[in-house]
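Visitor: Please show me the model, and then we can go through its pockets and cores.

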Amino acid sequence: MLDRLNQLEHDALDSLAQVNSAEDLAAWQASIFGTKRSKGELDQVLSVLGTLGREERPAFGRRANEVKQALLAALEARQSVVKAQELERQLQKGVLDVTLPGTPVHRGRLHPSTQALRRIVRIFAQMGFEVYRSPEVETDENNFELLNMPPEHPARDMWDTFYTTTPGVLLRTHTSPGQIRVMRERYPKPIRVVLPGMVYRYEQVTARSEMQFNQVEGLAVGRNITLADLKGTMTEFARQMYGSQQRIRFRCSYFPFTEPSVEVDVYWGLETERDRMITKGTGWLEIAGAGMVHPKVLRNGGYDPAQWTGFAFGMGVERTAMRLYGINDIRYFWSNDLRFLEQF
Ligand code: FA5
């Protein structure tokens, strides 16, 4: 019986030495060790164990184990040889061209609104404005009341508002409530901050208006700040953002929280029907509302209007980006179309 084992080992090692491919290797393994469905040669030899006499069994068992281990070790060694051979063959055939570029990994990038917002903030940072973060979910008090719009004030109609189910809590319609937060925190120091972030309005969406958009609020409070400072700041901003060729204008306007109030427009052009829609037929695109901080608002922030003055502005980030990149429909920003997003 031991002879049969020895013979099996000898023959199996012999045939293994002839194996040169992964398929042949698998076939060899199945023939010796068997598969789920069929017995291998080793099993067949081992099946005689039951027929052996008591004295023969230990020696046979020990030897059978040795043979099994030897064959497994040989299989493993052959596997690495065959693998190396296969790689060598593929290289010879030129199947694997290691100089080919790999599968490209799609890299994300910043959203055009974020890019524009950062650009705006960078320009103001150069002029000494520091970034101040304020929340998107606000109180009615900060968003309206302390900005000189008591309940039932008709000016509230300028901002159609998303209210939450908690009374007195809403999604901010503009970044201006941040003015109150900064003033209350910083009093009695002079202030020069910008407040960037998303705002929400229950509005009809058109080529020039969205339901959600970013604003950058600016606030400067000091001892001798005048409208000339506001004008100079906005003019310098436009020069840095668009270059000195860009025409801008200041138009009289009304906001309950500034006095006097202006609107800042950039020249867009008036050639196509789309230009007419975007600029309301004027050729000018409004990018910001602004003005001198209303005395009541200064007081609500803790600053005595007899001693302090200030200017504020609220700039639309997507509008500003529209002019910068020549985007003629604001709806592209949130429509999540890669053909648009990948251009930035
Ligand atoms: C305001 O929101 C005032 N809080 C601005 C302000 C701040 C005035 C500080 C005075 C002092 P207005 O609603 O006009 O104002 O919006 C300001 C800017 O946001 C607009 O000039 C425009 O650029 C942008 N904007 C307004 N509505 C939309 C909209 N629906 N979609 C996209 N951008 C908008």
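**Pockets and cores**

Visitor: What volume does the largest pocket have?
Guide: This is a predicted model. Probe spheres set on the grid points of the pocket fill a space that is taken as its volume. For the largest pocket that volume is about 710 Å³.

Visitor: Which element gives the most to the lining of the largest pocket?
Guide: The lining has 39 residues, with Arg 201, Gln 215, Glu 263, Glu 286 and Arg 319 nearest the centre of the pocket. Elements that give two or more residues include strand S5 (212-222), strand S7 (258-267), strand S8 (284-293) and helix H11 (317-325). With eight residues, the element that gives the most is S8.

Visitor: How many residues of each class, nonpolar, polar and charged, are in the lining of the second largest pocket?
Guide: The second largest pocket has a volume of about 160 Å³. Among the residues that line it are Met 127, Phe 129, Ile 191, Arg 192, Asp 229, Thr 233 and Phe 311. Strand S4 (191-200), S5 and helix H8 (227-242) each give two or more of the lining residues. By class, the lining divides into eight nonpolar, one polar and two charged.

Visitor: Which residues does Ile 120 touch, not counting those up to four places away in sequence?
Guide: The largest nonpolar core has 41 residues, and Ile 120 is one of those that touch the most other members, as are Phe 237 and Met 315. Helix H5 (112-126), H8 and S9 are among the elements that supply at least two residues of this core. Leaving out the sequence neighbours, Ile 120 touches Val 216, Phe 237, Met 241, Met 315, Val 317 and Thr 320.

How values were computed. Residues are numbered from 1 along each chain as its sequence is written. This is a predicted model: local features need pLDDT of at least 70, side-chain atom pairs count only at pLDDT 80 or more; totals for chains, interfaces and linings use all residues. Side-chain values use heavy atoms; hydrogens and water are left out. On a 1 Å grid over the protein atoms alone, a cavity is a set of points where a 1.4 Å probe fits but cannot get out, and a pocket is an open set with protein on both sides within 12 Å along at least five of seven lines; lining residues have an atom within 4 Å of a point. Helices (H or I, at least four residues) and strands (E, at least two) are DSSP runs, numbered from the N terminus. Ala, Val, Leu, Ile, Met, Phe, Trp, Tyr, Cys and Pro count as nonpolar, Asp, Glu, Lys and Arg as charged, and the others, Gly among them, as polar. A nonpolar core is a set of buried Ala, Val, Leu, Ile, Met, Phe, Trp, Tyr and Cys residues joined through side-chain atoms within 4.5 Å. Buried means under 20% relative accessible area, exposed over 50%, partly exposed in between (1.4 Å probe, protein chains only). Contact means heavy atoms within 4.5 Å.
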